[in-house]
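Here are some exercises to work through with the model open in your viewer. Try each task before you read its solution.

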Amino acid sequence: MLVYSSGIDVSSSTLRFLARQLRAHHRAIGSRWRRLGAGRQALLALAHLRVGHTYAQLAAGFGVGTTTAYRYVTEAVDLLADLAPTLADAVRTASTKAFVLLDGTLLPIDRIAADRPFYSGKHKKHGMNVQVLADPFGRLLWASAALPGAVHDIRAAREHGIVDALAQADVTCWADKGYRGAGGTVRTPYWGRWNSLSTGQQAVNRSHAKIRALVEHAMATLKSWRLLRKLRCSTTRITALIQAVLALHLASSGR
């Protein structure tokens with residue numbers, strides 16, 4: 001395999017943050033020697049998450065075995081996932097905001113047609129449903145665990161306890177029509193064909209759409225980590241990857 005120099009579009013502070021976490025972890029478990037130091041292991045993990053490089057590509061670029069590359073990435077991902085905020089943490093942060101934005105996204109996965117639980121009829125592809133909370137400026141606050149793509153957004157929000165948590169904290173939440181009937185503090189647009197809505201309802205829906213559109217910034221933030229654009233790993237590992245990306249994003253943004 002040919003090897004060449006490349007770049008990763010993440011800040012040096014993100015690399016330093018992950019390297020510090022790995023050093024502390026290595027000391028805690030008494031790891032005395034590694035093929036790669038904490039800084040190089042952090043860079044390897046970032047290359048996997050941000051660029052989506054495979055373990056074979058990482059192994060060739062960093063001069064380690066494929067198994068070692070896998071082990072180093074898994075260790076870093078699990079460490080980061082433990083640092084990600086919980087829903088309770090996110091709701092506490094949300095309680096200081098005027099409102100929050102809720103939306104779901106489908107992360108495409110590599111599955112065959114027989115895997116029906118992962119097939120989203122809405123998106124016409126296999127994937128994992130992830131719920132996202134964003135602040136009024138569209139900045140990512142929290143991302144949920146991954147559920148099979150066949151799960152609808154409102155069901156996913158209920159299973160994760162998002163609706164109840166926001167209601168208990170009295171946090172106003174703006175969401176799309178997919179959350180109709182959620183109740184609590186979740187606000188959705190009026191239902192029905194545009195021509196069947198009154199002038200007032202149309203005005204409300206236009207205003208609602210302008211506010212809710214900002215959540216796309218949070219979605220773009222999540223999917224700027226290229227690994228999440230087409231996941232080819234076991235579905236049992238996807239939640240850890242999402243939480244690792246969330247922890248890195250919040251650390252780099254100082255939140």
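**Exercise 1. Which residues gather in a patch of positive charge on the surface? Then place Arg16 in the secondary structure and class its exposure.**

Solution. Keep in mind that you're looking at a predicted model.
- Step 1: Look for arginines on the surface. The patch of positive charge is made of Arg16, Arg20, Arg23 and Arg27.
- Step 2: Find the element that holds Arg16. That's helix α1, which covers residues 12-29.
- Step 3: Check the accessibility. Arg16 has a relative accessible area of 47%, and partly exposed covers the range between 20% and 50%, so Arg16 is partly exposed.
- Step 4: Ask whether 47% fits patch membership. A patch takes residues with over 30% relative accessible area and no salt bridge, and Arg16 is over that area cut-off with its 47%.

**Exercise 2. How many salt bridges does the structure hold, and which residues are joined into one network with Asp9?**

Solution. Take the total, then trace the pairs around Asp9.
- Step 1: The total is nine salt bridges.
- Step 2: One of Asp9's partners is Arg50, with the closest N and O atoms 3.0 Å apart. This pair spans distant parts of the chain: Asp9 sits in the segment before α1, while Arg50 belongs to helix α2 (residues 38-51), 41 residues away.
- Step 3: Asp9 also meets Arg226 in a salt bridge, at 3.6 Å from N to O. Here the sequence gap is 217 residues, as Arg226 lies in the loop between α9 (215-223) and α10 (238-252).
- Step 4: Compare exposure. Asp9 is partly exposed, at 46% relative accessible area. Arg226 is partly exposed too, at 32%. Arg50, at 12%, falls under the 20% cut-off and so counts as buried.
- Step 5: For one more pair, go to Asp176 and Arg212, whose side chains form a salt bridge at 3.9 Å, N to O. With 4 Å as the limit, that distance still qualifies. Asp176 is in the loop between β6 (173-174) and β7 (186-187), and Arg212 is in helix α8 (residues 199-212), 36 residues apart. Both residues of this pair are buried.
- Step 6: Put the shared partners together. Asp9, Arg50 and Arg226 end up in one network.

**Exercise 3. Is Asn205 buried or exposed, and which backbone nitrogen lies 2.8 Å from a polar atom of its side chain?**

Solution. Stay in helix α8, where Asn205 is found.
- Step 1: Asn205 has 9% relative accessibility, so it's buried.
- Step 2: Look around its side chain for a backbone nitrogen. The one you want belongs to Tyr190, 2.8 Å from a polar atom of the Asn205 side chain.

**Exercise 4. Why does Lys124 count as exposed? Check its phi, then do the same for Asp170.**

Solution. Handle the two residues in turn.
- Step 1: Lys124 has a positive phi of about 60°, although it isn't a glycine.
- Step 2: Its place is the loop between β2 (119-120) and β3 (125-134). At 60% relative accessibility, Lys124 is over the 50% cut-off and therefore exposed.
- Step 3: Asp170, another non-glycine, has a positive phi of about 55°. You'll find Asp170 in the loop between α7 and β6, exposed at 62% relative accessible area.

**Exercise 5. What C-alpha distances separate Leu166 from Phe99, Thr105 from Ser12, and Gly65 from Leu36?**

Solution. Start each time with where the residue sits.
- Step 1: Leu166 is in helix α7 (residues 162-168) and is buried, at 0% relative accessibility. Its C-alpha is 10.0 Å from that of Phe99, with the two positions 67 residues apart along the chain.
- Step 2: Thr105 is in strand β1 (residues 100-108) and is buried at 8% relative accessible area. Thr105 and Ser12 are 93 residues apart in sequence, and their C-alpha atoms are 29 Å apart.
- Step 3: Gly65 is in the loop between α3 (55-62) and α4 (66-81). At 34% relative accessibility, Gly65 counts as partly exposed. Gly65 and Leu36 are 29 residues apart in sequence and 11 Å apart in space, C-alpha to C-alpha.

Notes. Residues numbered from 1 in each chain as written. Predicted model: local features only at pLDDT ≥ 70, side-chain atom pairs only at ≥ 80, totals over all residues. Heavy atoms only, no water. Patch = residues over 30% accessible without salt bridge, like charges linked within 9 Å, V, L, I, M, F, W, Y side chains within 5 Å. Areas by Shrake-Rupley, 256 points an atom, 1.4 Å probe, with all protein chains shown as cover. Lys, Arg positive; Asp, Glu negative; His and termini not counted. Charge placed at Lys NZ, Arg CZ, Asp CG, Glu CD. Helix = DSSP H or I, 4+ residues; strand = E, 2+ residues; numbered from the N terminus. Buried < 20%, exposed > 50% of the residue type's maximum accessible area, 1.4 Å probe, protein only. Polar contact = N/O pair within 3.5 Å; in protein donor to acceptor, adjacent residues only side chain to side chain.
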